[in-house]
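Grab a pencil and open the viewer: here are a few short exercises on how a protein holds its ligands. Try each task before you read the solution.

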Amino acid sequence: MSTTWHVLGAGSLGTLWATRLARAGMPVKLILRDAARLQAYETAGALTLVEHGAAHQYAVPAETPDAHQPINRLLVACKAYDAQKAVAQLLPRLAPGAEIILLQNGLGSQDAVAALAPQARCIYASSTEGAFRDGDWRVVFAGHGFTWLGDAGHPVAPVWLDDLSAAGIPHEWSTNILTRLWRKLALNCAINPLTVLHDCRNGGLQAHRCEVATLCGELAELLERCGQPAAAENLTQEVERVIQATAANYSSMHQDVASQRRTEISYLLGYACKVAARHQVNLPHLNQLQQRLISHLHSLGLPSD
Ligand code: NAD
Ligand code: KPL
């Protein structure tokens, strides 16, 4: 019997992973917030994944965090700001040698989870797949993409990558996952806050090329100072390419703000500014961007952490 995939968080990415793994015949268990959410899920009866316009249901079994079955493999699919607290309540259930796969965007939350569970192997992921919820327990697979997974402290790939292949989840084992996460963080810092402040689609930033280039210069300096020179290479060109390739899209942060949802600012721009301060790198435009974004979020009554 293969190891059960415990999926913590049945939101967009959690549902996208749980349904594809279950469809491929892997044992999957959802971990929902509490008894009320479990009751609501059991009333609905299944998760729905909408792919290429067609909806399919998957009756993935679910439980609450206080169930008793030991957890050997935990896929954490909460937002970055929820990850640490969500994993903390599962610590008594983690089996010796358990593996925790962290899907969070940005940086900071993964290290916080790893510090909480030093007995577990933590695998960090960076994904370009896109999914959103269009109803309770219902997720639309909106953007096919790729997921890189890696363990900064241990380069050997886990055997369960075969489960991902069987489930049709495009992925690759990465021996430089931190570089990938830093590069993505830098892209997100150069694009997402400005799309919120200028209230525009990604393509709208083509009218603010100087502002974008100045931020890229500071981000590249930061990446080099914190030992990530490969993530700094041609950053401005890459940001311009992404702006062009995703011109018609709203960034994830813009979507969060437009829907009055909390953003992951502390794990993106906030993390970059914190690391810059720690390394005593002076990045005035990045700091000013953070202040502008925080003021903007406050003016909308949204949290800025
Ligand atoms: P989401 O808000 O859709 O889902 C998060 C889920 O976690 C929610 O259902 C929430 O109720 C649940 N949750 C929170 N705390 C919990 C707890 N203590 N116990 C059980 N469940 C709990 O978020 P998402 O869009 O799936 O994003 C998850 C992470 O993946 C984020 O860091 C995001 O940036 C990243 N990401 C998302 C996408 C995407 O397309 N959605 C793409 C790439 C990366
Ligand atoms: O990842 C993104 C996001 O919107 O979060 C892109 C499209 C790269 C913009 O930063």
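**Exercise 1. Sort the residues of the shell around ligand 1 into nonpolar, polar and charged.**

Solution. Keep in mind that this is a predicted model.
- Step 1: the sorting gives 11 nonpolar, eight polar and six charged residues.
- Step 2: now see who comes nearest. Of the 25 residues around ligand 1, those are Ser 12, Leu 13, Glu 129, Ala 131 and Glu 264.

**Exercise 2. Find polar contacts that oxygen atoms of ligand 1 make with Leu 13, Arg 33 and Glu 264, using a cut-off of 3.5 Å.**

Solution.
- Step 1: start with the backbone. An N or O atom from the backbone of Leu 13 sits 2.8 Å from a ligand 1 oxygen.
- Step 2: move to the side chains. Glu 264 puts a polar side-chain atom 2.6 Å from an oxygen of ligand 1, and for a side-chain N or O atom of Arg 33 the distance to a ligand oxygen is 3.4 Å.
- Step 3: check the cover. On its own, ligand 1 has 830 Å² of accessible area, and the protein covers 84% of that.
- Step 4: trace the shell back to the fold. Helix 1 (12–23), helix 3 (80–88) and strand 9 (130–135) are the elements that each give two or more residues.

**Exercise 3. Do the same job for ligand 2: which residues are around it?**

Solution.
- Step 1: list them. You should have Lys 184, Leu 187, Asn 188, Ile 191, Asn 192, Asn 202, Val 242, Ser 251 and Ser 252.
- Step 2: sort them, and you get three nonpolar, five polar and one charged.
- Step 3: look for the main contributor. Helix 6 (residues 177–197) gives the most, with five residues.
- Step 4: pick out polar side-chain atoms facing ligand oxygens. Asn 192 has one 2.5 Å from an oxygen of ligand 2, Ser 252 also has one at 2.5 Å, and for Asn 188 the distance is 2.9 Å.
- Step 5: finish with the cover, which is 81% of the 280 Å² that ligand 2 has accessible on its own.

**Exercise 4. Into which domains does the assignment divide the protein chain?**

Solution.
- Step 1: read off the bounds. Domain 1 runs over 5–175 and domain 2 over 179–299.
- Step 2: place them. Their C-alpha centres are 26 Å apart, and the contact draws 17 residues from domain 1 and 13 from domain 2.
- Step 3: compare with the record. An unreviewed UniProt entry annotates residues 5–152 as "domain: Ketopantoate reductase N-terminal". That span is 26% helix and 39% strand, with its end C-alpha atoms 22 Å apart.

Methods. Residues are numbered from 1 along each chain as its sequence is written. Chains are lettered from A and ligands numbered from 1 in the order in which they are written. This is a predicted model: local features need pLDDT of at least 70, side-chain atom pairs count only at pLDDT 80 or more; totals for chains, interfaces and linings use all residues. Side-chain values use heavy atoms; hydrogens and water are left out. A residue is near a molecule or strand if one of its heavy atoms lies within 4 Å of it. A polar contact is a pair of N or O atoms within 3.5 Å; within protein, one must be able to donate a hydrogen and the other to accept it, and residues adjacent in sequence count only if both atoms are side-chain atoms. Accessible areas come from the Shrake-Rupley method with a 1.4 Å probe; for residues, only the protein chains shown count as cover. Helices (H or I, at least four residues) and strands (E, at least two) are DSSP runs, numbered from the N terminus. Ala, Val, Leu, Ile, Met, Phe, Trp, Tyr, Cys and Pro count as nonpolar, Asp, Glu, Lys and Arg as charged, and the others, Gly among them, as polar. UniProt positions are given in the numbering used here, feature names are shortened, and annotations may be inferred rather than shown by experiment. Domain bounds come from an automatic or database domain assignment. Contact means heavy atoms within 4.5 Å.
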